[in-house]
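Me: I'm new to this one and would like a close look at a single part of it. Could you take me through the longer story of one helix and what comes right after?

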Amino acid sequence: MADRGLQLDNDGKMNNFAIEPKVYIDDEPRTGFTPYAERLNGRLAMIGFVSLLALEVSTKHGLITWLTHL
C-alpha cells in the first residue's frame with residue numbers, strides 16, 4: 001500500500017493524510033536579460049509588427065494617419 005501514498009502507523013491504522021509533493025527550485029532566473037525574456041520580447045514584437053501591417057492593409061492608411069484622425 002505504500003506505493004499509492006498510503007502508510008500504516010505503529011498501531012496498524014491507515015494514515016490517510018495527504019502526501020506532500022516534492023519541492024524543486026528552478027535555477028534559471030526569469031527576470032532581466034535572460035534568453036527566456038529576450039525570446040518572449042521578440043515574439044511579442046513580431047505579433048505587434050504583424051498586427052500593425054494588418055491594420056495598415058485593412059484601413060489603407062499608415063499608422064501616423066490613423067492616429068491623427070482619432
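What follows is a walk along one helix, into the loop after it and on to the next helix.

Reply: Happy to. Keep in mind from the start that this is a predicted model, so let's begin with the setting and how confident the prediction is.

The protein chain has 70 residues, and its secondary structure comes to 2 helices and 2 strands. Read from the N terminus, the order is β-β-α-α. The average pLDDT of the protein chain is 80, and 83% of the residues score at least 70. Confidence is highest in α1, with a mean of 92, while strand β1 (residues 7-8) has the lowest, with a mean of 70. As a rule, where pLDDT is low, the predicted coordinates should not be read in detail. That makes α1, with its mean of 92, our part for today.

Now the helix itself. Helix α1 covers residues 35-59, which is 25 residues. How far apart should its ends be? At 1.5 Å a residue, the expected span is 36 Å, and the end C-alpha atoms are indeed 36 Å apart, so the expectation and the model agree.

Next, look at the side chains along α1. Tyr 36 is found in this helix. With a relative accessible area of 36%, Tyr 36 counts as partly exposed, because that value falls between the 20% and 50% cut-offs. Tyr 36 also has company: together with Leu 40, Leu 44 and Ile 47 it forms a nonpolar patch on the surface, and the four share about 390 Å² of accessible area. For the background, the whole protein chain has an accessible surface of about 6900 Å², and 62% of that belongs to carbon and sulfur atoms. Just 3% of the residues in the protein chain count as buried.

Further along α1 you come to Glu 56. Its relative accessible area is 30%, so Glu 56 is partly exposed too. Setting aside neighbours within four places in sequence, Glu 56 is in contact with His 61, Gly 62 and Leu 63.

What comes right after the helix? α1 is followed by Lys 60, whose phi is positive, near 60°. Lys 60 is a residue other than glycine, and its phi has that positive value all the same. You'll find Lys 60 in the loop between α1 and α2 (63-68). Is Lys 60 buried or exposed? At 69% relative accessibility it counts as exposed, because the value is over 50%.

Past the loop, Trp 66 lies in helix α2. Trp 66 has 35% relative accessibility, so it counts as partly exposed. Leaving out residues up to four places away in sequence, Trp 66 touches Leu 55 and Thr 59. Both Leu 55 and Thr 59 fall within the 35-59 range of α1, so these contacts link α2 back to the helix we started from. There is a C-alpha distance to go with that: Glu 56 and Trp 66 are 10 residues apart in sequence and 8.6 Å apart in space.

So, in the order you'd meet them: the surface patch with Tyr 36, then Glu 56 in α1, Lys 60 in the loop, and Trp 66 in α2.

Technical notes. Residues numbered from 1 in each chain as written. Heavy atoms only, no water. Helix = DSSP H or I, 4+ residues; strand = E, 2+ residues; numbered from the N terminus. Expected span 1.5 Å × (residues − 1). Buried < 20%, exposed > 50% of the residue type's maximum accessible area, 1.4 Å probe, protein only. Patch = residues over 30% accessible without salt bridge, like charges linked within 9 Å, V, L, I, M, F, W, Y side chains within 5 Å. Areas by Shrake-Rupley, 256 points an atom, 1.4 Å probe, with all protein chains shown as cover. Salt bridge = Lys/Arg side-chain N within 4 Å of Asp/Glu carboxyl O. pLDDT = per-residue confidence, 0-100. Contact = heavy atoms within 4.5 Å.
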